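Reader: Please take one part of this structure and look at it closely. I would like the salt bridges, with their setting in the chain.

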Amino acid sequence: MSIQWFPGHMNAARKKAAEAMEKVDLVIEVVDARLPQASCNPMIEQLRNARQRPCLKILNKTDMADPVATQAWINHYNRQKGVTAVALSCKKPSDVVRVPKLALQVAPHRGTVLKPLRMMIMGIPNVGKSTLMNALLKKRVAAVGDEPAVTKTQQRLYLGNNMVLIDTPGMLWPKIEHPSDGLMLAASHAVGSNALIEEEVATFLADLLLQRYPQLLKARYGFQTEGMDGVAVVEGVAAKRGFRLKGGDYDFEKAAHTFLQDYRSGALGRISLETPESRAELLASYQPTDNPDALSEDDEDEEEEYDWRNAPDPRGSRD
Ligand code: G4P
């Protein structure tokens with residue numbers, strides 16, 4: 001089973017974002033530092049390139065990500081034209097205070113009382129946009145929740161007298177082109193998943209951690225990982241936690257849920273699900289026909305301000 005989403009309100013959100021893009025000087029794009037590329041929506045880059053807007057790219061939740069991988073991503077993004085990347089934890093006020101100064105550095109032509117710097121925070125659900133906005137404004141202005149966000153009304157919020165934040169409604173959903181992106185997003189709870197998918201997501205995560213962070217599995221669950229595959233890891237969690245069904249079999253569903261919770265809460269440690277290298281490998285091996293469920297662009301509505309789909313796909317051109 002592959003995870004694909006394309007909620008109906010995406011086109012409406014895109015249209016609003018394209019309109020808003022005209023009126024801003026800077027895009028603050030928030031992504032999840034643990035999966036920066038899987039948690040970005042390429043539409044953001046396409047929309048801002050069409051309007052030539054610079055981007056302050058915030059790799060958020062860096063407190064949960066592998067610092068080595070995060071630094072590699074920062075270097076990677078800072079090589080891109082018009083992009084300034086920074087790793088933050090928006091839950092830390094001392095991190096968030098850096099944002100206004102960085103924003104002014106990225107767009108130095110604005111930022112006065114007469115010409116305030118107009119900024120738009122963009123990103124897929126659950127990457128921490130509301131947390132960032134609340135911290136920037138030092139008050140609660142948007143609902144913060146762990147479930148993927150619901151559409152909100154657009155707001156203009158003043159940050160001092162020389163900066164304005166425009167809050168985009170509904171935000172943008174991830175464009176899941178590669179099945180592994182869907183699994184990474186579900187593992188990180190950027191998209192919701194039901195119990196059936198949770199088992200697949202947990203197995204995927206376990207396989208990935210076996211390859212990249214076996215020592216963290218050992219440290220958390222105390223078992224030797226040699227010779228294990230993802231299913232065996234989840235069963236190992238069931239065994240360690242005593243999750244059994246009536247007949248004595250492992251309760252795989254419960255173990256999968258617990259394992260995902262351990263990852264999402266940070267109990268497993270600081271983990272990045274992708275690196276620039278793993279992304280490059282994925283792109284190099286990717287055949288569009290690998291994923292028959294992937295959305296064709298024909299599936300989308302034709303109602304457009306301008307045709308961002310003619311822009312080159314940034315995922316294909318990176319690295
Ligand atoms: P969104 O607007 O982009 O949809 O995301 P939102 O701010 O609602 O944040 C989604 C979840 O991510 C929240 O968790 C929030 O606390 C958490 N979060 C945001 N920034 C960071 C960060 O830098 N580090 C960590 N570890 N978590 C972060 P929640 O469980 O729903 O809320 P809460 O109980 O933590 O407040």
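Author: What follows goes from the whole chain to its salt bridges, then to a strand pair and one loop residue.

This is a predicted model, in which local features need pLDDT of at least 70 and side-chain atom pairs count only at pLDDT 80 or more, while totals for chains, interfaces and linings use all residues. Residues are numbered from 1 along each chain as its sequence is written, and side-chain values use heavy atoms, with hydrogens and water left out.

First, the frame. The protein chain has 13 helices and 6 strands. Helices (H or I, at least four residues) and strands (E, at least two) are DSSP runs, numbered from the N terminus. Of its 319 residues, 54% count as buried. Buried means under 20% relative accessible area, exposed over 50%, and partly exposed in between (1.4 Å probe, protein chains only). The accessible surface comes to about 14,400 Å², and 51% of that belongs to carbon and sulfur atoms. These areas come from the Shrake-Rupley method with a 1.4 Å probe; for residues, only the protein chains shown count as cover. Contact means heavy atoms within 4.5 Å. Among contacts in the protein chain with a separation of 6 or more, 71% are between residues 24 or more positions apart.

Now the salt bridges. Side chains of opposite charge can pair when their charged atoms come close. The rule here asks for a side-chain nitrogen of Lys or Arg within 4 Å of a carboxyl oxygen of Asp or Glu. By this rule there are 11 salt bridges.

Take R51 and E22. Their closest N and O atoms are 3.9 Å apart. R51 sits in the loop between α2 (42-50) and β2 (55-60), and E22 in helix α1 (residues 10-22), so this pair ties together parts 29 residues apart in sequence. Both ends are partly exposed: R51 has 29% relative accessibility, and E22 has 38%.

Next, D25 and R110. Here the closest N and O atoms are 3.4 Å apart. The pair links distant parts of the chain, 85 residues apart: D25 is in the loop between α1 and β1 (26-32), R110 in the loop between α5 (98-106) and β4 (117-122). D25 is buried at 7% relative accessible area. R110 also counts as buried, because its relative accessibility is 18%.

Then D181 and R279. Their side chains meet at 2.8 Å, N to O. This bridge runs from helix to helix: D181 is in α7 (residues 179-187) and R279 in α12 (residues 276-285), 98 residues apart. D181 is buried at 0% relative accessibility. R279 is buried at 2%. Elsewhere, salt bridges that share partners join D25, R110 and R118 into one network.

On to the strands. Strand β2 and strand β3 (residues 83-87) run parallel, joined by 5 bridges. Two strands pair if DSSP finds at least two bridges between them. L56 stands opposite T84 in β3. From β2 the chain passes through helix α3 (residues 67-78) to β3, a right-handed β-α-β crossover. Right-handed means that, with the strands pointing away from the viewer, the path from the first strand over the helix to the second runs clockwise.

Last, T225. This residue lies in the loop between α9 (214-221) and α10 (230-241). T225 is buried, because its relative accessibility is 7%. Leaving aside residues up to four places away in sequence, T225 touches L210, P214, L217 and K218.
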